[in-house]
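User: Please take a close look at the ligand site, and then follow the elements around it into the rest of the fold. I would like the cut-offs stated as you go.

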Amino acid sequence: MRDVVILGSGPAGLTAAIYAARGELRPLVLEGEPSSSSDQPGGQLMLTTEVENFPGFTHGVLGPELMVSMRSQAERFGAEILTERASRVDLSTSPFGVWIGDPGAHEPTLTARTLIIATGARSLMLGLDNETRLLGYGVSTCATCDGFFFRGKQIVVVGGGDSALEEALFLTKFGDTVTVVHRRQDLRASKIMQDRAFTNDKIKFRWDSTVVDILGDERVTGVKVRDVKTAEEAELAADGVFVAIGHAPSTDLFAGQLQIDPAGYLVTHEGTKTSVPGVFACGDVQDHVYRQAVTAAGSGCMAAIDAERYLSSLTEN
Ligand SMILES: Cc1cc2nc3c(=O)[nH]c(=O)nc-3n(C[C@H](O)[C@H](O)[C@H](O)COP(=O)(O)OP(=O)(O)OC[C@H]3O[C@@H](n4cnc5c(N)ncnc54)[C@H](O)[C@@H]3O)c2cc1C
């Protein structure tokens, strides 16, 4: 039985681990499995190169380097980290059950008085080989994070929803042109976002088109698009490609056990509390608005403090 089990080792999970460890709670972190593309130990920042907006690094820091430091910092204070993923949880009774390996096993692998969920989210991708190869080298999933690198450049945004147009409008601060490639003739985005995009001189649209390849050896030089009606293909020059086709929070394990919003995110209230007392959630798994490393880390700190207070209240009663 553990006082605190943390699921996830992105900025949220590791910050929670640092705080819980320094609070003498001996947290156990299940960091995910390297073999699984969705459960990358270290989280999403392991997929990127330069991170320039995490406070404390004047000249930026490489994403993987930042995560290795956070992991060592958590271990320094006594957090125990297992390279495993949770395959099942039972939140119906306290202490909570957490399974590693066979989810059908009768008994949980471990039990926890509090559970901190920091399982993050995954950006939906186009599924192209060159998209993976050039991620961090012109391909991005986050305009707030990477827009700054594209001053005076030509940018392509893929998608047609509110977040695609939000990304496109934000990117007009930096790029010379921003071309939105959308597979239909009409956008899913709200009317107000459409109006803003249509009246922005820098934004152009490529309708009825899908991106079928991303071009470039070392860095992105363009995209290949296919017209869905005529099957005609064309190349568009571009320095940056922002894939904005949605996010998938990692909440499958909690379906039917915790309150989840229609977009699949865990619902939190009064800080990081979920719908089950003793279960806390932090980072991108409960945040569809900010989705930044620093906000994830901040909410990880909150979750550890909330867990500590919850444990204290158990001993008081
Ligand atoms: C390419 C890219 C570049 C980015 N650049 C920046 C940037 O420059 N600046 C910035 O602020 N933000 C950036 N972001 C966003 C930032 O990475 C996220 O906001 C942040 O990582 C969210 O942290 P998190 O801890 O909530 O989740 P994540 O980083 O998503 O981590 C989730 C963790 O949960 C684990 N996990 C999942 N399921 C399980 C399970 N069942 N059991 C155990 N563990 C599990 C995973 O292994 C992983 O360790 C970028 C994102 C991407 C994809």
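Analyst: **The ligand site and its surroundings**

The ligand is surrounded by 33 residues, and the closest of them are D39, Q44, N53, D284 and A293; a residue is counted here if one of its heavy atoms lies within 4 Å of the ligand. The model is predicted, so local features are reported only at pLDDT of at least 70 and side-chain atom pairs only at pLDDT 80 or more, whereas totals for chains, interfaces and linings use all residues. Residues are numbered from 1 along each chain as its sequence is written, and side-chain values rest on heavy atoms, with hydrogens and water left out.

By class, this shell has 13 nonpolar, 15 polar and five charged residues, where Ala, Val, Leu, Ile, Met, Phe, Trp, Tyr, Cys and Pro count as nonpolar, Asp, Glu, Lys and Arg as charged, and the others, Gly among them, as polar. Two helices, α1 (11-22) and α7 (293-316), each supply at least two residues of the shell; helices (H or I, at least four residues) and strands (E, at least two) are DSSP runs numbered from the N terminus.

Ligand oxygen atoms take part in polar pairs, meaning N or O atoms within 3.5 Å. One ligand oxygen is 2.9 Å from a polar backbone atom of A12, another pairing puts a ligand oxygen 3.1 Å from an N or O atom in the side chain of Q292, and a polar backbone atom of A293 is 2.8 Å from a ligand oxygen. Taken alone the ligand exposes 1000 Å², and the protein buries 97% of that, with areas from the Shrake-Rupley method and a 1.4 Å probe.

R291 lies in the loop between β19 (279-281) and α7. The phi of R291 is near 50°, a positive value in a residue other than glycine, and R291 is partly exposed at a relative accessible area of 24%; buried means under 20%, exposed over 50%, and partly exposed in between, with a 1.4 Å probe and protein chains only.

The helices α1 and α7 also lead into the nonpolar interior. The largest nonpolar core has 33 residues, and I6, F54, L66 and I116 have the most contacts inside it; such a core is a set of buried Ala, Val, Leu, Ile, Met, Phe, Trp, Tyr and Cys residues joined through side-chain atoms within 4.5 Å. At least two residues of this core come from each of β1 (2-7), α1, α2 (63-76) and α7, and α7 gives the most, with eight residues. Beyond residues up to four places away in sequence, I116 touches V4, V5, I6, L7, A16, F280, C282, A303, A304 and A307, contact meaning heavy atoms within 4.5 Å. A second, separate core of 21 residues includes L30, V89, V98 and F254.

On the other side of β19 in sequence, T274 sits in the loop between β18 (247-249) and β19. T274 is buried, with a relative accessible area of 4%, and, leaving aside neighbours within four places in sequence, T274 is in contact with L258, V267, H269, V279, F280 and A281.

Two further loops have backbone features. P95, in the loop between β6 (86-90) and β7 (96-100), is joined to S94 by a cis peptide bond with omega about 0°. A231, in the loop between β15 (222-227) and β16 (233-237), has a positive phi near 65° without being glycine, and A231 is exposed at a relative accessible area of 51%.

Definitions and conventions
Polar contact = N/O pair within 3.5 Å; in protein donor to acceptor, adjacent residues only side chain to side chain.
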